[in-house]
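Colleague: I am new to this structure. Please take one part of it and walk me through it closely, step by step.

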Amino acid sequence: MHNVLIIGSGCAGLTAAIYAGRANLRPLVIDGHEPGGQLSLTTHVENFPGFPDGILGPELVENMRKQAQKFGAEFKAGAVTEVDLHKRPFKITAGKHTYETEALIVAAGASARLLGLKGERELIGRGVSTCATCDGYFFRGKPIAVVGGGDSGMEEANFLSRYASKVYLIHRRKEFRASKIMIDRARKNEKIEFVTPFVVEEILAPQGVVEGVRLRSAESKETRELGLDGVFVAIGHEPNTTVFKGRLEMDSNGYLLAKHGSLTSIPGVFVAGDVQDHRYRQAVTAAGSGCMAAIDAEKFLEEHKH
Ligand code: NAP
């Protein structure tokens with residue numbers, strides 16, 4: 001029987017583990033599919049407060065993990081396959097193991113969608129990025145592309161035009177999913193060139209870093225190559241909430257709904273990080289919400305002592 005079980009080991013889960021550990025709750029953390037979360041897929045992180053020279057994403061999460069272990073957090077590898085939240089103690093199953101816990105913090109995160117191209121994942125940190133706020137600064141004075149025709153694509157293209165010498169906005173259709181105001185803003189921006197309807201066929205990186213993209217027209221099938229240093233993939237995120245369908249309240253995109261900070265409709269179940277946040281999605285906001293969930297869980301346990 002555990003006091004607190006935390007699902008997810010990204011920034012939110014690890015911060016919750018540090019706080020719950022320091023409250024003597026000996027939390028159990030189930031790592032999930034992607035131990036370390038999205039930070040483990042980035043290179044330099046320059047906007048996490050406290051690191052004036054920046055820090056590597058994997059190093060930052062490793063530090064948080066060690067910090068949590070120092071305060072008594074225990075870690076188990078594996079992904080959660082089933083949850084029973086009908087009554088306390090909650091039952092959480094990860095593969096062959098089922099754990100019982102008085103309080104649950106769901107910090108399962110969200111995963112950025114990728115295009116599914118050969119070598120794309122390996123090129124993250126070598127020119128491919130899924131986060132303009134995180135990586136835009138590294139492309140000062142360089143040509144880059146943003147892929148995606150939603151609000152994220154428009155927003156990232158505008159944001160990146162502050163740094164990049166040129167931004168190609170590549171989208172597979174001529175119509176956009178983005179709102180009119182966001183499209184108009186991007187169209188007015190002289191640094192942004194719309195390239196539609198084009199599909200990215202290959203990311204060109206003969207030396208292991210991005211040098212360009214080969215595109216294919218969705219209409220004429222003509223191909224075209226663009227020389228550039230960065231490809232920002234902005235085709236949406238997928239919250240990791242499949243196992244919570246029908247068990248926790250979520251919005252139409254599958255993000256868990258939090259109220260009053262980290263609370264859910266089930267007393268004793270708390271949410272933190274990108275699994276409930278499609279707006280900010282930053283390491284520091286995820287860490288902040290992990291802290292809130294741990295404090296809420298601690299209060300809950302105090303009030304519901306056996
Ligand atoms: P989104 O609205 O789902 O748009 C995803 C875009 O990526 C679409 O244009 C889609 O093309 C394209 N796409 C998807 N899979 C693709 C693939 N495999 N290859 C190429 N293109 C692909 O996602 P989002 O832009 O991240 O926005 C998510 C939500 O957050 C939306 O509700 C949005 O309004 C909101 N948001 C709001 C703001 C804001 O208001 N400031 C900023 C960002 C996000 P198709 O259109 O052809 O399907």
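Modeller: What follows looks at the boundary between the domains, then turns to the ligand.

Keep in mind that this is a predicted model. Start with the layout. The chain is divided into domain 1 and domain 2. Domain 1 is made of two stretches, 2-112 and 237-303. Domain 2 covers 121-233. The C-alpha centres of the two domains are 31 Å apart.

Now the boundary itself. On the domain 1 side, nine residues are in contact with domain 2. They meet ten residues there. Together the two domains bury about 830 Å². Carbon and sulfur atoms account for 49% of that area. Which residues of domain 1 supply most? Look at Leu41, Thr43 and Glu46: they give 42% of the area that domain 1 buries against domain 2. No other three residues give more.

Next, the links across this boundary. The count of salt bridges between the domains is one. Arg121 and Glu34 form a salt bridge, with their closest N and O atoms 4.0 Å apart. By numbering, Arg121 falls in domain 2 and Glu34 in domain 1. Polar contacts are another matter. Across the interface, zero residue pairs are in polar contact, counting pairs with both residues at pLDDT 80 or more. The touching side of domain 1 has two nonpolar, four polar and three charged residues.

Now the ligand. There are 14 residues around it. Asp151, Ser152, Glu155, Arg173 and Arg177 come nearest. By numbering, these five lie in domain 2. What reaches the ligand's oxygen atoms? A polar side-chain atom of Asp151 lies 2.6 Å from one. Arg172 also places a polar side-chain atom 2.9 Å from a ligand oxygen. Gly150 uses its backbone instead: a polar atom there is 3.3 Å from an oxygen of the ligand. On its own, the ligand has 910 Å² of accessible area, and the protein covers 69% of it.

Terms used:
Residues numbered from 1 in each chain as written. Predicted model: local features only at pLDDT ≥ 70, side-chain atom pairs only at ≥ 80, totals over all residues. Heavy atoms only, no water. Domains from an automatic or database assignment. Contact = heavy atoms within 4.5 Å. Buried area = accessible area lost by both parts, 1.4 Å probe. Salt bridge = Lys/Arg side-chain N within 4 Å of Asp/Glu carboxyl O. Polar contact = N/O pair within 3.5 Å; in protein donor to acceptor, adjacent residues only side chain to side chain. Nonpolar A, V, L, I, M, F, W, Y, C, P; charged D, E, K, R; others polar. Near = heavy atom within 4 Å. Areas by Shrake-Rupley, 256 points an atom, 1.4 Å probe, with all protein chains shown as cover.
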